[in-house]
Amino acid sequence: MFKTETHLHVSEVSRCSHLTAAEMMEYYHKAGFSTVFVTDHLNPAYYEDHGETPEERADWFMSGFENAKKAGYALGINVIFATEMHLRGTHNHYLLYNVPRDFLLIAPTLFDKTPADLYAKAKEYGITVVQAHPFRDGNCTPTPECADALEVINPNPRHENFDDKAIEIAKKHSLPMTSGSDAHRPEDIGNGGVITEKEIKTTNDYLDALFGGKLTLMGGKEQ
């Protein structure tokens, strides 16, 4: 059995994270994870402060993942790129998987758009959209019509995520369910994630398991 983290942030890009990419990989290696997705925050507050051109901003944004990939390779961890996108007019967050670099170049044009706009654009780029913590702190609003799956377990200890409600709405709309630690600090490491019989080495491996019902959710619930 193999453990995969679907949701974490490193301090090179996500200012809210307390751990560098190298530190994060050390923690996940000790926790016995074979694979991690680096899902740094793609939002205006961080993204628009770096670089003068779309290419420079994309380079900066990829730097956390690149550092994690290098550190993970040395430890035998599969490190895969993804992101967590926030739109200015909502509290909602969306985990995006299979994100091509070209999407980062146009991402700022979406910051003031709606979840429906983001979902439509994501489909143009072949991106899978997972709404993260859809009930967090009573501020987020679930948008099952704008997501391919829902993160129904998010054990981040600094928020109330109402996981039971997330599971209920995922079942109501027949959406696949996943789990992620939303790791920012040492105490967050490995509290969530998924377990699979097959090692996840690529994004498509994860998506096949997610949509094929071939994963177990960590954090107290099973799919």
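A nonpolar core, as I use the term here, is a set of buried Ala, Val, Leu, Ile, Met, Phe, Trp, Tyr and Cys residues joined through side-chain atoms within 4.5 Å. One caution before the entries: this is a predicted model.

**Entry 1: the cores**

I looked up the largest nonpolar core first and got 43 residues. Leu 8, Met 24, Leu 42, Met 85 and Phe 103 have the most contacts inside it. Which elements feed this core with at least two residues each? My list reads helix 1 (21-30), strand 2, helix 2 (44-47), helix 3 (54-75), strand 3, strand 4, helix 4 (101-106) and helix 5 (115-124). Helix 3 gives the largest share of this core, seven residues.

There is also a second, separate core, with 27 residues. Ile 80, Ala 132, Leu 150 and Leu 215 are among its members.

I then checked Met 24 on its own, ignoring neighbours within four places in sequence. Its contacts are Leu 8, His 9, Val 10, Ser 17, Leu 19, Ala 183 and Ile 189.

**Entry 2: the sheet**

In what order do the nine strands of the open sheet lie? I read 7-6-5-4-3-2-1-8-9, and the pairing is mixed. Strand 7 (177-179) and strand 9 (216-217) are the edges; each has a single partner strand, so one side of each has no neighbour in the sheet.

At the strand 7 end, I found three bridges to strand 6 (residues 149-153), in the parallel sense. Glu 151 has Thr 178 of strand 7 as its bridge partner.

**Entry 3: strand 3**

Why call strand 3 (residues 78-86) largely enclosed by the rest of the structure? Because nine of its nine residues are buried, and buried here means under 20% relative accessible area.

I sorted its side chains by direction. Asn 78, Ile 80, Ala 82, Glu 84 and His 86 point one way, Val 79, Phe 81, Thr 83 and Met 85 the other, and all are buried. That is what I'd look for, since side chains in a regular strand alternate between the two faces of the sheet. Two residues of strand 3 tie back to my first entry: Met 85 is one of those with the most contacts in the largest core, while Ile 80 belongs to the second one.

Next, its partners. Strand 2 (residues 35-42) runs parallel to strand 3, and eight bridges join them. Thr 35 sits opposite Asn 78 in that pair. With strand 4 (residues 93-97) the sense is antiparallel, over five bridges. Strand 3 and strand 4 make a hairpin, with six residues between them. Across that pair, His 86 stands opposite His 93 and Met 85 opposite Tyr 94.

**Entry 4: strand 4**

Strand 4 is mostly covered too, with five of its five residues buried. I see His 93, Leu 95 and Tyr 97 pointing one way and Tyr 94 and Leu 96 the other, all of them buried. Besides the hairpin pairing, strand 4 pairs with strand 5 (residues 128-132), antiparallel over five bridges. Leu 95 has Val 130 in strand 5 as its bridge partner.

**Entry 5: helix 3**

I checked the length of helix 3 against its residue count. At 1.5 Å a residue, 22 residues should span 32 Å, and the end C-alpha atoms are 32 Å apart, so the two agree. Where does helix 3 bend? I get about 35 degrees at Ser 63.

The buried residues of helix 3 are Arg 57, Ala 58, Trp 60, Phe 61, Met 62, Gly 64, Phe 65, Ala 68, Ala 71 and Gly 72. Their cover includes helix 1, strand 2, helix 2, strand 3 and helix 4. After helix 3 comes Gly 76, with a positive phi near 80 degrees.

**Entry 6: positive phi in loops**

Most residues other than glycine have a negative phi, so I noted the exceptions I came across. Asn 98 is not a glycine, yet its phi is positive, about 70 degrees. I place Asn 98 in the loop between strand 4 and helix 4. Its relative accessibility is 29%, so it counts as partly exposed.

Asp 137, also not a glycine, has a positive phi of about 55 degrees. Asp 137 lies in the loop between strand 5 and strand 6. At a relative accessible area of 34%, Asp 137 goes down as partly exposed.

Conventions: Residues are numbered from 1 along each chain as its sequence is written. Side-chain values use heavy atoms; hydrogens and water are left out. Buried means under 20% relative accessible area, exposed over 50%, partly exposed in between (1.4 Å probe, protein chains only). Helices (H or I, at least four residues) and strands (E, at least two) are DSSP runs, numbered from the N terminus. Two strands pair if DSSP finds at least two bridges between them. Contact means heavy atoms within 4.5 Å. The expected span of a helix is 1.5 Å times one less than its number of residues. The bend at a residue is the angle between axes fitted to the seven residues ending there and the seven starting there.
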